[in-house]
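Student: I am new to this structure and should like to work through it by question and answer. May we begin once it is displayed?

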Amino acid sequence: MQDRPHAAELAEAVREFIETEILPGIEDPRLRFRALVAANGLGILERELTIGPPLVRREVESLARLLGREGPIPDDVDGLRRWARDLNRELARRIRAGETPEGALAHLVATVADKLRIASPRYLTRYR
């Protein structure tokens, strides 16, 4: 969609509605838990839409350097994700074969931190 609200704004609006209008009125513990899960999922979606693309690009660029892969990096998010998946498989294969590239640990720490920025940013800040 080209007009506003865009996808991240829609996810934010629904999440805020659940948190401020729906959750306070729910007494059933099971339903309350499910509403919290829904709100959390929408928060992840918001962050994925807003900060996900540059983070996956950073991961691909880091993996390409780490594995000595030259060549153009895709511009589209789907292409980046496919390349990240393939490069991660190659990195895992090398690690299993005992051929861990120099800098692999630093790459993995940075990548996990980026993934936490999307999935659970409070967890990342809590354990710094």
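Student: How are H2 and H4 oriented to each other, roughly parallel or roughly antiparallel?

Tutor: In this predicted model, the axes of H2 and H4 come within 8 Å and cross at roughly 170 degrees. Angles over 145 degrees count as roughly antiparallel. The two helices, H2 and H4, are therefore roughly antiparallel.

Student: Which residue of H4 that meets H2 is an aspartate, Asp, and is it buried or exposed?

Tutor: The residues of H4 that meet H2 include His-107, Thr-111, Asp-114 and Ile-118. On the H2 side, the partners include Ile-51, Leu-55 and Leu-66. The aspartate is listed among the buried residues of H4, so by the cut-off of under 20% relative accessible area the answer is Asp-114, buried.

Student: Which helices do the buried residues of H4 pack against?

Tutor: The buried residues of H4 are Ala-104, His-107, Thr-111, Ala-113, Asp-114 and Ile-118. They pack against H2, helix H3 (77–96) and helix H5 (121–126).

Student: What span does H4 reach from its first C-alpha to its last?

Tutor: Helix H4 covers residues 104–119, which is 16 residues. At 1.5 Å a residue, 22 Å is expected, and the span of H4 is close to that, at 22 Å.

Student: What does helix H2 span between its end C-alpha atoms?

Tutor: Helix H2 holds 39 residues, 29–67, and a straight helix of that many would span 57 Å. H2 bends by about 60 degrees at Ile-51, with Pro-53 following within four residues. Between its end C-alpha atoms, H2 spans only 49 Å.

Student: Which residue just after H2 takes a positive phi?

Tutor: The last residue of helix H2 is 67. Just after H2, a positive phi of about 65 degrees is taken by Gly-68.

Student: How are H2 and H3 oriented to each other?

Tutor: The axes of H2 and H3 come within 9 Å and cross at roughly 40 degrees, and H2 passes H3 in a left-handed crossing. Among the residues of H2 in this contact are Pro-53, Val-56 and Leu-67, while those of H3 include Leu-80, Trp-83 and Arg-94. Since roughly parallel requires an angle under 35 degrees, H2 and H3 are therefore oblique.

Student: What does Leu-45 count as, by its relative accessibility?

Tutor: Leu-45 has its place in helix H2. Buried means under 20% and exposed over 50%. At 38% relative accessibility, Leu-45 therefore counts as partly exposed.

Technical notes. Residues are numbered from 1 along each chain as its sequence is written. This is a predicted model: local features need pLDDT of at least 70, side-chain atom pairs count only at pLDDT 80 or more; totals for chains, interfaces and linings use all residues. Side-chain values use heavy atoms; hydrogens and water are left out. The expected span of a helix is 1.5 Å times one less than its number of residues. The bend at a residue is the angle between axes fitted to the seven residues ending there and the seven starting there. Buried means under 20% relative accessible area, exposed over 50%, partly exposed in between (1.4 Å probe, protein chains only). Contact means heavy atoms within 4.5 Å. Axes are lines fitted to C-alpha atoms, for helices over the stretch in contact, and angles run from 0 to 180 degrees between N-to-C directions. Angles under 35 degrees count as roughly parallel, over 145 as roughly antiparallel, 65 to 115 as roughly perpendicular and the rest as oblique. A crossing is left-handed if the near helix is turned anticlockwise from the far one by less than a right angle, and right-handed if clockwise.
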